[in-house]
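Dear colleague,

I am handing over the structure we spoke about, and my notes follow beneath it. Please read them with the structure open beside you.

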Amino acid sequence: MHPKDLVTSTFRQRFDKEPTFVALAPGRVNILGEHVDFNDGFVLPAAIDRATYIAFAPAESGSEHSTLVAVDFGEEASFTLESIATKTNTDGAALPEWATYPAGVAWALKESSLTVPAIQAVFASDVPRGAGLSSSASVEMAFAIAWQTLSKWELPPMQRALLGQKAENQYVGVNCGIMDQFASACGISGKLLLLDCRSLEWQVLPVPEDVAIVIADTCVRRKLTDGAYNQRRQACEDAVKILSQHLPSVKALRDVSVDDFNRLSDQLPGVVEKRARHVVEEIERSRRAIPLLEQGNIREFGQIMNECHASLRDLYEVSIPELNVMVEIAQSLPGCLGARLTGAGFGGCTANLVEKSVAEAFAAELAQQYEGKTSLKPEIYICKASDGARLV
Ligand code: ADP
Ligand code: MG
C-alpha cells in the first residue's frame, strides 16, 4: 500500500476517526557537491518523489499527550512537552530511537518559543532508511509541517529546515549539515537546488524534462564510519591552517582557488593534500556546473558528475568496490549522462542522470549486471525532482 493510504487507514483504525490533515516531506538526493558542506561549499540536491507521509489531528481537547504511531516500525510513542526534555515516553520508559526525531522537532520548536500543540499522528515512509536519501530529515520536516498546520505560526521553509537540523544535532545527537532538511523543506518540482552552505542563500537550476534521476542502492550499509569522516574533516581543517599561513583571507577551503591550491599543494602532507584537493576541485566543479545547467547542457554536467565520482574514489577515498561497480556499469549503459556515488559514501546509493526514454531499461540492466558482479540485489528508484514538505 502507498504510504499515503497506509497512514490514513492506520489513523482511522488507531484513533477511530478521520485524520484532519495529511502532509508529506520528501527524501533527497545530492547530485553534486559532496563532502563540501563543512568547508562552506555548494551542494546541489533535489527533493525526490519518495517521502514520509503523516496523517494527523489535534489531540483530544484537554490532553497534553502527543501520540505518535510509526507504521513502519509497528510502534507507538507518546510524550508531553514536559517529558520531551528527558527523552522519555509518558510511561517513563526511554523514547524509542525513531521517536527522538519528531520529539526533537517539538523540542526545537519549543526552544524557539513556538507553540507545539499536542498531536495524534501516524506516519510512514517510502524513503529507504539509512540509504543516504535522508529519511531522517523527511520525518523531521513532515512533523514540522504538522505542528505548523495545527499552530498559528508559520515559518519559511529554510527556518523549518534549520529547526530540523537543530533537532537532529542537539536532540537526536547526529552531527548533520543543513543540506538534508533544506532539500526536504525547500524542494521544487523539476529543479535542482543550489545551496551556498556559507550564506545559506539558494537558487534553483532546471533538470531537463527528458532526464530522469535514477538512484541505485548498492544495499551495502555504512557502519562505524564516524572515525573515517572525522579524519577527513580534520584533514580539511589542517589544510586550512597551513594554507591560511600563505593566504591570510582563507577561512575555509571554499576560499582557496584551484590555482592557489596547485601552487601551494606541496606545503600539505600527502593525505591532507588529497582530501583538500577533492574539496577545492569539487567546489570548482559546482561553479562550472551552474552555467551548464542554466543552458540545459546536461551532457557536460553529467561529465562533471563522473569527475566527482572519480575524486570521491581516488582523493577523498570514501567509495567502496560495490559503489564503484555500480557507477562503472551505469556509465557504460546507453542513455546514462552521469553517475556517481551520492551521500557520505562507504555504502548507500549512486545518483544517475539518465535519458527518461530509456530509464526503465537502464534500471533493469543496471540491476542485473550489478547482481551478476556482486551477488547483491540492488534497489533502483527512478525519481523526479519534486516539491518540498507540504500538506497534501
Ligand atoms: P538516512 O540517511 O535515511 O537519513 P539516518 O540514520 O539519518 O538515515 O536516519 C534513519 C533514522 O530515522 C531511523 O533509524 C529512524 O530512527 C528514523 N526514521 C526514518 N524513517 C523512518 C520511518 N519511516 N519511521 C520511523 N522512523 C524513521
Ligand atoms: Mg539522516
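How many residues does helix α4 have, and what distance does it reach from its first C-alpha to its last? In this predicted model, α4 runs over residues 157-172, which makes 16 residues, and its first and last C-alpha atoms are 21 Å apart, close to the 22 Å expected at 1.5 Å a residue. After the helix comes Gly 173, which has a positive phi near 90°.

A good part of α4 is given over to buried positions, namely Met 158, Arg 160, Ala 161, Leu 163, Gly 164, Gln 165, Ala 167, Glu 168 and Tyr 171. These buried residues pack against the helices α2 (100-111), α3 (135-149) and α5 (179-186), and also against the strands β7 (191-196) and β8 (202-206).

One of those partners, α3, also gives the most to the shell around ligand 1, with three residues. That shell holds 16 residues, of which Asp 72, Glu 97, Gly 130, Ser 135 and Ser 136 are the closest, and by class it comprises six nonpolar, six polar and four charged residues.

As for the polar contacts of ligand 1, a polar side-chain atom of Ser 135 lies 2.6 Å from one of its oxygen atoms, while a polar backbone atom of Gly 130 is 2.8 Å from an oxygen atom of the ligand, and a backbone N or O atom of Gly 132 lies 3.5 Å from an oxygen atom of the ligand. On its own, ligand 1 has 560 Å² of accessible area, and the protein covers 86% of it. The elements that give two or more residues to the shell are β6 (119-125) and α3.

With best wishes

Terms used:
Residues are numbered from 1 along each chain as its sequence is written. Chains are lettered from A and ligands numbered from 1 in the order in which they are written. This is a predicted model: local features need pLDDT of at least 70, side-chain atom pairs count only at pLDDT 80 or more; totals for chains, interfaces and linings use all residues. Side-chain values use heavy atoms; hydrogens and water are left out. Helices (H or I, at least four residues) and strands (E, at least two) are DSSP runs, numbered from the N terminus. The expected span of a helix is 1.5 Å times one less than its number of residues. Buried means under 20% relative accessible area, exposed over 50%, partly exposed in between (1.4 Å probe, protein chains only). Contact means heavy atoms within 4.5 Å. A residue is near a molecule or strand if one of its heavy atoms lies within 4 Å of it. A polar contact is a pair of N or O atoms within 3.5 Å; within protein, one must be able to donate a hydrogen and the other to accept it, and residues adjacent in sequence count only if both atoms are side-chain atoms. Accessible areas come from the Shrake-Rupley method with a 1.4 Å probe; for residues, only the protein chains shown count as cover. Ala, Val, Leu, Ile, Met, Phe, Trp, Tyr, Cys and Pro count as nonpolar, Asp, Glu, Lys and Arg as charged, and the others, Gly among them, as polar.
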